Amino acid sequence: MFDSIKIAFQYIAPKHLISRLVGKLAAAKAGGLTTGLIKLFIKQYKVNMAEAERENPADYASFNEFFTRALKDDARVICPNEQDLAMPVDGAVSQLGDIKHDSIFQAKGHDYSLTTLLGGKPELAAAFKNGKFATVYLSPKDYHRIHMPMDGQLTDMVYVPGELFSVSPLTAERVPGLFARNERVVAIFNTPRGKMAMVLVGATIVASIETVWAGTVSPPVGKNVVHWQYPSEGDDAVFLKKGDELGRFKLGSTIVACFEPDMVEFADYSAGDDTRLGDVFATLTQ
């Protein structure tokens, strides 16, 4: 009963307004108040600060600085084998498996459209039909930077306006088409073995979504899909190596990774399994 009430509230709550207000608070530099909030968050969510580049909560001027904190150089090891893809985030597997033509599995009784996920762009979705997908949820305690699973040349970025439902496991089970209806940023890469899509999905109280090449993509919130294309050479070209930072969430969310057919086989993960940045995510099949 309580779960149903929580879901119903999300449909009527002013999610964008709440998220942007929280974003302003998270960006505020409030001295001792900010430090106190960070300490409370660390205690509540059992954040492992021993891994952080800056372990002392007082060293962060804003909550956003803390939430997007860098890790120590030796805190994560990127799997070295060229045939292996690196897990892009700390988090937990929501679902992974086959894309059935244009359909991606969300939860029992819920599928959603690959084409819709990628901004309603059939020309982008075509490469991934009947391929593979993996959805990974980042909880409040996790490291909130996203890294590259493999080397890739950026070809497209798409901003897709949408809702800001929570992306918690409960919401994924109850809200149809969740990841294809929330605000998101889609990045398409050419890799040595085929195309890869990395989709950064917004959520309630996500203050912003950033990429390393464009900075803050959202907010401001737009009403239209915006599509950028990138050259393979020149000053505007973007090439990232396996393990490089791709982007980050301010206040957490979910990523969806998509791969071409016959490109990868996932490591032994199941829904609910914890993930750790740099571990073997998948293996190339070609």
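This is a short tour of a predicted model, given as a series of selections to make in the viewer.

**The whole chain**

Start with everything shown as a cartoon. The protein has eight helices and 18 strands. Of its 286 residues, 53% are buried. Now consider the contacts with a separation of 6 or more: residues 24 or more positions apart account for 76% of them.

**Helix α3**

Select residues 32–45, which make up α3. How far apart should the ends of α3 be at 1.5 Å a residue? For 14 residues the span should be 20 Å, and the end C-alpha atoms are indeed 20 Å apart, so the two values agree.

Next, show the side chains of Thr 34, Thr 35, Ile 38, Phe 41 and Ile 42, which are buried. They sit on the same side of α3, because they cover an arc of only 125° around the axis. Part of what covers the buried residues of α3 is α4.

Turn the helix around and select Gly 32, Leu 33, Leu 40, Lys 43 and Gln 44. These residues are exposed, on the other side of α3. Then step past the end of the helix to Lys 46, which follows α3 and has a positive phi, near 55°.

**From α3 to α4: the aromatic rings**

Keep α3 on screen and add α4, residues 63–67. Across the whole structure there are twelve aromatic pairs. One of them is Phe 41 with Phe 67: the ring centres are 5.9 Å apart and the planes stand at 75°, so this pair is edge-to-face. Phe 41 belongs to helix α3 and Phe 67 to helix α4, and the pair links parts of the chain 26 residues apart. Are these two residues buried or exposed? Both Phe 41 and Phe 67 are buried.

Another pair to select is Phe 63 and Phe 66, also edge-to-face, with 5.5 Å centre to centre and 65° between the planes. Here both partners lie in helix α4, three residues apart, or about one turn of the helix. Phe 63 is buried, with a relative accessibility of 7%. For Phe 66 the value is 0%, so Phe 66 is buried too.

Now widen the selection to Phe 41, Tyr 45, Tyr 60, Phe 63, Phe 66 and Phe 67, which form one aromatic cluster. Before leaving, add Arg 69. Its charged end sits over the ring of Phe 66, 4.7 Å from the ring centre.

**Salt bridges**

Side chains of opposite charge can pair when their charged atoms come close. The count for this model is ten salt bridges; the stops below include three of them.

Select Glu 51 and Arg 276, whose side chains meet in a salt bridge at 3.7 Å, N to O. This pair links distant parts of the chain, 225 residues apart: Glu 51 is in the loop between α3 and α4, while Arg 276 is in the loop between β17 (274–275) and β18 (280–284). Glu 51 has a relative accessibility of 19% and counts as buried, because the cut-off for buried is under 20%. Arg 276 is partly exposed, at 37%.

Go next to Arg 76 and Asp 90, which form a salt bridge at 2.6 Å, N to O. Arg 76 lies in the loop between α4 and β1 (84–86) and Asp 90 in the loop between β1 and β2 (91–98), so the salt bridge ties together parts that are 14 residues apart in sequence. Arg 76 is buried at 12% relative accessibility, and Asp 90 is buried at 5%.

The next stop is Asp 98 and Lys 132, with a salt bridge at 2.7 Å, N to O. Asp 98 lies in strand β2 and Lys 132 in strand β5 (residues 132–137), so the pair joins parts that are 34 residues apart in sequence. Asp 98 is partly exposed, with a relative accessible area of 43%. Lys 132, by contrast, counts as buried at 16%.

To finish, select Glu 51, Arg 76, Asp 90 and Arg 276 together. Which kind of interaction joins these four into one network? Salt bridges that share partners do so.

Methods:
Residues numbered from 1 in each chain as written. Predicted model: local features only at pLDDT ≥ 70, side-chain atom pairs only at ≥ 80, totals over all residues. Heavy atoms only, no water. Helix = DSSP H or I, 4+ residues; strand = E, 2+ residues; numbered from the N terminus. Buried < 20%, exposed > 50% of the residue type's maximum accessible area, 1.4 Å probe, protein only. Expected span 1.5 Å × (residues − 1). Arc of directions from axis to C-beta. Contact = heavy atoms within 4.5 Å. Phe/Tyr/Trp six-rings, centres within 6.5 Å; stacked < 30°, edge-to-face > 60°. Lys NZ or Arg CZ within 6 Å of the ring centre and 35° of its normal.
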